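Student: Please take me slowly through one part of this model and the places it touches on. I am new to it, so keep to plain steps.

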Amino acid sequence: MAVHEHPHRNSGFHLPNFRRNRTASGSGSAVSARTGTQTARAYTFASLRLLTGFVFLWAFLDKTFGLGYATQSGKGWIDGGSPTKGFLGGVAAGPMESTFHSWAGDTWADWLFMLGLLGIGVALIAGVALRLAAVAGTVMMALMWVAEWPPAQHLFDGSPSMSTNPFADYHLVYAVVLIALAAASAGDTLGLGRAWAKLPPVRRGSWLR
């Protein structure tokens, strides 16, 4: 009787599959790199959020108590000073000059401006209601941009406006930053964004995020 060796019989010995190992290792490295990138991005946005929040909150504190920076001691809001009179009263260019002059020092303008600074600053630092903060902050920055009116090279009295750019200034940069922070859900890292999002009113109305 002849004995034939089966050509497909498994000998039980295998060489290691380096290609598969390399693929698995490469896949793990890619996931790790992607996770690291996402973490770095989250902390970068969180840091930007906190710094921007401090800008708004400090402006509120300085104008309220006259801490000696933009507002001199004894001239704060709490001392009877007006947070809007100097800025709006000094508008000397642009299509809304007379309108801003009429608003300067009005009680409603002072309260609206100060509550805006406080609300935006607290929201950014806490990491909550970033969409509302972005809307309010963008409106505020747009009005301040119009008040300074960068396109003008000269003021109405003919003196140089000292504008360095006809369009892009820090007000527009702040507005874009606020929108980016809201779009990136920047309050979820180093903030209360996740807890805020779980509240029933926020779950029902995503615009409160």
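Tutor: Trp149 is a place to start: its relative accessible area is 24%, so it counts as partly exposed. Buried would need a value under 20%, and exposed one over 50%. Keep in mind that this is a predicted model.

Trp149 sits in the loop between H5 and H6, and it follows directly on H5. Its phi is positive, about 45°, although Trp149 is not a glycine. The loop between H5 and H6 also holds Met162, another residue that is not a glycine and yet has a positive phi, of about 70°. Met162 has a relative accessible area of 68% and is therefore exposed.

Trp149 and Met162 both belong to the lining of the second largest pocket, together with residues including Glu148, Pro150, Ser161, Asn165 and Tyr170. That pocket holds about 180 Å³ of space. Sorted by class, its lining has six nonpolar, four polar and two charged residues.

Now step back from the loop into helix H5, which runs from 130 to 148. H5 has 19 residues, and its first and last C-alpha atoms are 26 Å apart, close to the 27 Å expected at 1.5 Å a residue. Its buried residues include Leu130, Ala133, Gly137, Met140, Met144, Trp145 and Val146. Leu132 is in H5 too, but it has 37% relative accessibility and so counts as partly exposed. Setting aside neighbours within four places in sequence, Leu132 is in contact with Trp207 and Leu208. Leu132 and Trp207 are 75 residues apart in sequence, while their C-alpha atoms are 7.2 Å apart.

What does H5 share with other helices? The largest nonpolar core, for one: it has 21 residues, and Phe56, Leu117, Ile120, Leu124 and Met140 have the most contacts inside it. H1, H4, H5 and H6 each give at least two residues to this core. Apart from it there is another core, of seven residues, including Leu88, Phe100, Ala104 and Val146. As a general point, nonpolar side chains in soluble globular proteins tend to be buried together.

Leu124 shows how one core residue is surrounded. Not counting residues up to four places away in sequence, Leu124 touches Arg49, Thr52, Gly53, Phe56, Leu130, Leu178 and Leu181. Leu124 is one of the buried residues of H4, as are Phe113, Met114, Leu117 and Ile120. The 20 residues of H4 should span 28 Å at 1.5 Å a residue, and the end C-alpha atoms are 28 Å apart, so the span agrees with the expected value. Just after H4 comes Gly127, with a positive phi of about 80°.

The largest pocket also draws on H5. Its volume is about 940 Å³. It is lined by 37 residues, and the closest to its centre are Phe87, Phe113, Leu117, Met140 and Met144. At least two lining residues come from each of H1, H2, H3, H4, H5 and H6. By class, the lining divides into 26 nonpolar, eight polar and three charged residues. Met140 therefore turns up in three places in this account: it is a buried residue of H5, it is among those with the most contacts in the largest nonpolar core, and it is among the residues closest to the centre of the largest pocket.

H5 takes part in one further space. A search of the whole structure finds one cavity of 30 Å³ or more. The largest cavity has a volume of about 80 Å³. Its lining is made of Gly127, Leu130, Arg131, Ala182, Ser185, Gly187, Asp188, Gly193, Trp196 and Arg209. H5 and helix H7 (193-197) are the elements that give two or more residues to this lining. Three of the lining residues are nonpolar, four are polar and three are charged.

Last, the setting. The protein has eight helices and zero strands. Of its 209 residues, 29% are buried. Among contacts between residues at least 6 apart in sequence, 62% join residues at least 24 apart.

Note on methods: Residues are numbered from 1 along each chain as its sequence is written. Side-chain values use heavy atoms; hydrogens and water are left out. On a 1 Å grid over the protein atoms alone, a cavity is a set of points where a 1.4 Å probe fits but cannot get out, and a pocket is an open set with protein on both sides within 12 Å along at least five of seven lines; lining residues have an atom within 4 Å of a point. Grid points are joined across faces, edges and corners, and a volume is the space filled by probe spheres set on the points. Helices (H or I, at least four residues) and strands (E, at least two) are DSSP runs, numbered from the N terminus. Ala, Val, Leu, Ile, Met, Phe, Trp, Tyr, Cys and Pro count as nonpolar, Asp, Glu, Lys and Arg as charged, and the others, Gly among them, as polar. The expected span of a helix is 1.5 Å times one less than its number of residues. Buried means under 20% relative accessible area, exposed over 50%, partly exposed in between (1.4 Å probe, protein chains only). A nonpolar core is a set of buried Ala, Val, Leu, Ile, Met, Phe, Trp, Tyr and Cys residues joined through side-chain atoms within 4.5 Å. Contact means heavy atoms within 4.5 Å.
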